[in-house]
Every structure is written in C-alpha cells, then in structure tokens.
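Visitor: I am new here, and I would like to know how such terms are decided. Could you show me?
Guide: Gladly, let us look together.

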4 protein chains.
Amino acid sequence: MRGKTISDLKVGDYAEHSKTISESDVYMFAGVTGDFNPAHLNAQAAAHTMFKERIAHGMLSAGLISAVLGMQLPGPGAIYLSQTLKFLAPVMFGDTITARAEVTERNVDRNRITLKTTCVNQTGKVVVDGEAVIMPPK
Amino acid sequence: MRGKTISDLKVGDYAEHSKTISESDVYMFAGVTGDFNPAHLNAQAAAHTMFKERIAHGMLSAGLISAVLGMQLPGPGAIYLSQTLKFLAPVMFGDTITARAEVTERNVDRNRITLKTTCVNQTGKVVVDGEAVIMPPK
Amino acid sequence: MRGKTISDLKVGDYAEHSKTISESDVYMFAGVTGDFNPAHLNAQAAAHTMFKERIAHGMLSAGLISAVLGMQLPGPGAIYLSQTLKFLAPVMFGDTITARAEVTERNVDRNRITLKTTCVNQTGKVVVDGEAVIMPPK
Amino acid sequence: MRGKTISDLKVGDYAEHSKTISESDVYMFAGVTGDFNPAHLNAQAAAHTMFKERIAHGMLSAGLISAVLGMQLPGPGAIYLSQTLKFLAPVMFGDTITARAEVTERNVDRNRITLKTTCVNQTGKVVVDGEAVIMPPK
C-alpha cells in the first residue's frame with residue numbers, strides 16, 4: 001500500500017490507466033459534482049452543439065489522471081501538489097480513454113517529481129494534456 | 001440553456017457553487033475514475049497519513065469548479081479550454097466546499113475569458129486555487 | 001419481513017430473481033468493489049479477448065443469487081453460511097439473468113438448508129452454477 | 001494490461017486489496033443486485049437481528065476478492081473458473097476489509113492455479129474464507 005519513493009523513480013518511468021467512458025460514468029460524475037451542463041446530460045440540447053451529441057466532462061478524464069498518479073506512479077502515500085490541464089478534444093460516450101503519466105523531472109532535494117500527463121482516446125487522439133507535480137511518499 | 005456571451009461578461013463578475021462533500025461523493029468519484037487510493041477509501045491506512053483520516057480526491061473539488069463554469073459563468077455553450085489547479089489543503093469528509101470563479105481577463109477578439117478559480121472550505125481556507133480559460137458561447 | 005423457517009420449507013421449493021444486466025450495473029459494481037479489470041470496463045481491450053466485448057463480473061451474477069436467498073428463499077432473517085460458484089459462461093451487457101435457488105437438502109436438527117443455485121441467461125444457458133447453505137430464521 | 005502467466009506465478013505468491021466499506025457501497029450493491037434484504041438496508045429491522053445493526057452483503061466482500069484476482073493476481077486476461085465462499089463473520093458499515101489471494105496450487109499442464117482467498121477486517125478477524133480456481137492469461 002506504499003507507493004514509490006523518489007529514489008525508486010527515474011525520468012521516463014510511466015504508467016497508464018484505461019476505461020471506456022459510459023453514459024453512467026458521466027451521469028454519476030454530474031451527480032457528484034453538480035455539473036449538470038446540458039452539453040453532458042441533455043441529448044436534445046447537445047444535438048445543437050458543435051459536437052452534435054452529449055460529451056463527457058473534461059474533469060472526468062482528469063480523474064483518470066488522478067487515478068494513475070494515486071494508484072501507480074508514484075502510488076499511495078503521494079501528495080498531489082498541482083495539475084495543469086488543456087482540454088484539446090471532446091470525449092464521447094463509449095470512447096476508451098487511457099490516462100498516461102510519465103516522469104519528466106525529478107528534484108530529490110525538494111522530494112518532488114513532475115509528470116507529463118495525457119489522456120488519449122482509442123484512435124490515439126490526445127484529448128487532455130498537462131503536467132502534474134507530486135511529492136512522492138518518503 | 002444558453003450561457004453568457006463575452007459581451008455579457010466583465011472583469012470582476014463571479015459565481016459560486018457549494019456542496020458538503022460526503023463519504024458517498026468520494027466513493028462514487030472513486031468508482032467512476034478508478035482512483036481507489038487508500039488515502040480516500042481506506043480508513044485504517046488513512047489513519048497513518050499526515051491527515052489522519054480519509055480525504056476527498058482533489059479532482060473532486062476541481063469538478064465543482066467545472067460545475068460553476070459550465071452551469072453559471074459563462075454557463076451552457078461555453079468551451080472549456082484549460083485549467084490549472086494547485087491543491088493547497090485537504091478536503092475532509094463533511095467539509096462544505098464552495099467553488100468560486102471570477103473573471104480576471106477578457107479577450108473579445110479571440111472570444112476568451114480567464115477566470116480565477118478557487119475552492120474554499122467552511123472555515124474560509126482555500127483548498128484549491130487556479131485559473132481557467134474559457135471560450136464563451138457566441 | 002420475516003423469511004421462511006425450516007418448517008415452512010421442503011425439498012424442491014424454489015424461487016427466482018431476474019434482471020437485465022446493463023452497462024451501468026457493471027460500472028457501478030466495478031465502482032463499489034474496485035474490480036476495474038479491463039475485461040469489464042475497457043471496450044478496446046475486451047475486443048481482443050475470447051469474448052470479443054466487455055462482460056459482466058461473475059460476482060455480479062452471484063449477487064443476484066444472494067438477492068433470491070435474502071429476499072425470498074428463505075428470505076429475511078436467514079444467515080448465509082456458504083456458497084460455491086462455478087462460472088460457466090460469460091454474461092454480456094444486455095443479457096437477462098435469472099438467478100434460481102432450489103432447496104435440495106433440509107437438516108431440521110441443525111436448522112440448515114442446502115440449495116442448488118444457478119444463474120441462467122435469456123437463452124437458457126447456465127452461466128453460474130453452485131450451492132448455498134443457509135440457516136433459515138427461527 | 002496483461003496479467004501474470006502461469007510461468008510468472010509460484011505457490012506462495014499473494015496480493016491484497018483493501019477498502020473501508022461504506023453505507024453507500026452497501027446501498028449501491030443493493031441497487032445493482034436487487035438484494036434489498038432488510039438486514040442490509042433497514043436500520044429499524046436490523047436492530048432486531050443478532051447483529052443489532054445493518055451489515056454489508058457477504059457477496060460485496062466476495063467482490064473485493066474478484067478485484068484482487070482480476071486486477072493483480074493473476075490480473076487482466078485471467079478466466080475465473082470457480083470460487084467457494086464461507087461467510088464467517090458479519091461486515092459492519094465502516095469496517096475496513098482486506099481481500100487477500102494466495103497461490104496454493106499450480107497446474108501447468110492444465111494452465112490452472114488455485115488460490116486461498118480470504119477477507120479480513122481491521123481487527124484481523126476472517127470474515128470470508130474460500131478458494132478460487134483461475135486460468136491465467138497465456
């Protein structure tokens with residue numbers, strides 16, 4: 001239950017976490033956060049948007065990034081300091097999203113690592129891009 | 001169901017969205033994202049962390065920011081371009097979190113607004129701080 | 001709200017409980033248990049398995065057996081002592097599963113009954129087979 | 001995303017998966033399976049049982065066993081052939097359950113492993129005991 005310490009980690013290490021995003025995921029995410037934006041929950045309204053159908057919340061994909069960091073790299077015991085997110089493309093219901101985190105910097109003195117974090121769909125398109133800073137467990 | 005256009009918006013406009021974060025919110029967020037980090041779901045393991053008890057996922061608070069942007073400011077029809085997040089303090093089960101978004105910049109030519117986004121707990125402590133860039137509906 | 005006592009029960013008594021298993025059932029089951037096996041939640045990965053698509057967790061069907069025992073035969077007040085399960089065929093999203101429990105043995109002295117427990121899909125195929133031992137309410 | 005093959009596995013290998021079982025877990029499990037036994041969902045009725053309060057479904061703990069098998073040992077790509085379960089003690093809301101699977105037999109010719117599977121609460125008490133038979137991925 002203890003994740004990797006900074007001495008276990010090196011630049012280039014990566015981990016992934018994948019899930020097909022279902023309608024029920026989007027509806028439960030809306031229920032928890034209160035983000036009832038019709039773009040996500042209203043098929044009639046969404047038909048008139050540029051995406052033509054309901055799309056998942058961008059922050060739901062960000063949640064998959066949180067999962068890969070908290071479960072695998074560095075895993076339990078890490079402290080999540082910051083995250084940047086660019087929402088580059090929509091996630092449609094039924095898309096399979098793979099969140100990937102890769103160590104890009106390592107600061108042993110301050111016990112911090114920086115990771116490139118991306119979410120990619122089943123066609124290889126990057127839907128979310130950004131960077132996380134984490135304090136690994138000691 | 002149509003949000004505010006850029007001509008409806010000015011620097012200093014703000015909106016808020018509040019919720020008391022329950023154990024079930026955290027559990028459902030874990031269920032949707034796959035983030036089963038014991039810091040969130042395992043009371044025994046969490047007792048040995050610096051926070052002494054289970055805490056909410058930082059990205060759950062970020063979901064409240066998404067809600068305030070997508071529901072109110074600018075509201076439906078906006079395109080969420082980017083978000084930065086600094087996780088400054090833990091959210092305990094039972095904390096009441098208020099997400100607040102305030103317009104700090106307005107670029108009419110490119111149809112973009114920048115908002116300062118914060119999540120504050122019931123004691124006034126800032127738990128998440130950051131910035132969103134949004135394309136309001138036309 | 002009180003189930004059948006052993007004197008109400010005889011060998012050959014049976015009860016059934018049916019449900020069409022939805023994607024959201026599988027996703028919520030994964031969310032509760034933490035079983036994010038890609039066979040259940042990742043359509044891309046599942047396409048490369050022998051089943052060609054996502055399948056339900058075997059233990060979800062077992063949950064329908066628990067329902068028929070706890071709700072009907074013998075019903076509330078019973079103590080569930082043991083269960084054996086053979087997973088004989090996959091359950092696809094949209095399959096309608098009928099859990100059936102039939103009393104096969106009755107031990108009045110020890111207040112125990114044994115039931116043959118099966119889950120059958122809409123084509124009559126047995127997907128789960130096994131045996132439960134229960135202590136009926138007094 | 002590929003689990004361990006039989007050549008990666010040896011007798012004595014084990015893995016664990018832990019979670020504090022919440023009221024919301026039990027309620028969602030009930031909603032998915034239809035097991036609305038008052039022992040799990042009715043605090044008034046449960047007060048008159050031998051356990052004096054609502055308890056979790058035994059099959060929910062079994063779901064944690066499924067998670068450890070499907071996620072870790074052997075992990076993705078395994079085929080779950082059978083499971084035996086003895087329900088030895090109740091799981092109360094708020095209990096932290098650790099599912100553990102340990103390889104006890106290995107049949108290379110038939111590509112099958114047998115695992116001792118237990119669920120233990122935070123006091124070390126075994127609440128579920130049993131055995132799984134699995135076909136690891138090739």
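Visitor: What makes helix 1 of chain C largely enclosed by the rest of the structure?
Guide: In this helix, residues 23-33, 8 of the 11 residues are buried, so the rest of the structure largely encloses it. Buried means under 20% relative accessible area, while exposed is over 50% and partly exposed lies in between (1.4 Å probe, protein chains only). Among the buried ones are C:D25, C:Y27 and C:F29. A helix here is a DSSP run of H or I with at least four residues, a strand a run of E with at least two, both numbered from the N terminus. This is a predicted model, where local features need pLDDT of at least 70, side-chain atom pairs need 80 or more, and totals for chains, interfaces and linings use all residues. Residues are numbered from 1 along each chain as its sequence is written, chains are lettered from A and ligands numbered from 1 in the order written, and side-chain values use heavy atoms, without hydrogens and water.

Visitor: What comes after helix 1 of chain C?
Guide: C:G34 follows, with a positive phi near 85°.

Visitor: Why are A:F87 and B:Y80 called a tilted aromatic pair?
Guide: Rings of Phe, Tyr and Trp (its six-membered ring) pair if their centres lie within 6.5 Å; planes under 30 degrees apart are stacked, over 60 edge-to-face, and the rest tilted. Here the centres are 4.6 Å apart and the planes meet at 45°, which fits tilted. A:F87 lies in strand 2 of chain A and B:Y80 in strand 2 of chain B, so the pair joins two chains.

Visitor: How do you know whether A:F87 is buried or exposed?
Guide: Its relative accessible area is 12%, so A:F87 is buried. B:Y80, at 16%, counts as buried too.

Visitor: What makes the pair of B:F36 and C:F36 edge-to-face?
Guide: The angle between the planes is 65°, with 6.1 Å centre to centre. B:F36 sits in the loop between helix 1 and helix 2 of chain B, and C:F36 in the loop between helix 1 and helix 2 of chain C, so this pair also joins two chains. B:F36 is buried at 6% relative accessibility, and C:F36 is buried with 6% as well.

Visitor: How do you know how chains C and D are related?
Guide: Copies are superposed by least squares on the C-alpha atoms of residues with pLDDT of at least 70 in both. Chain C can be laid on chain D with an RMSD of 0.1 Å, by a turn of 180° and a shift of 0.0 Å along the axis. The two copies are therefore related as by a two-fold rotation axis.
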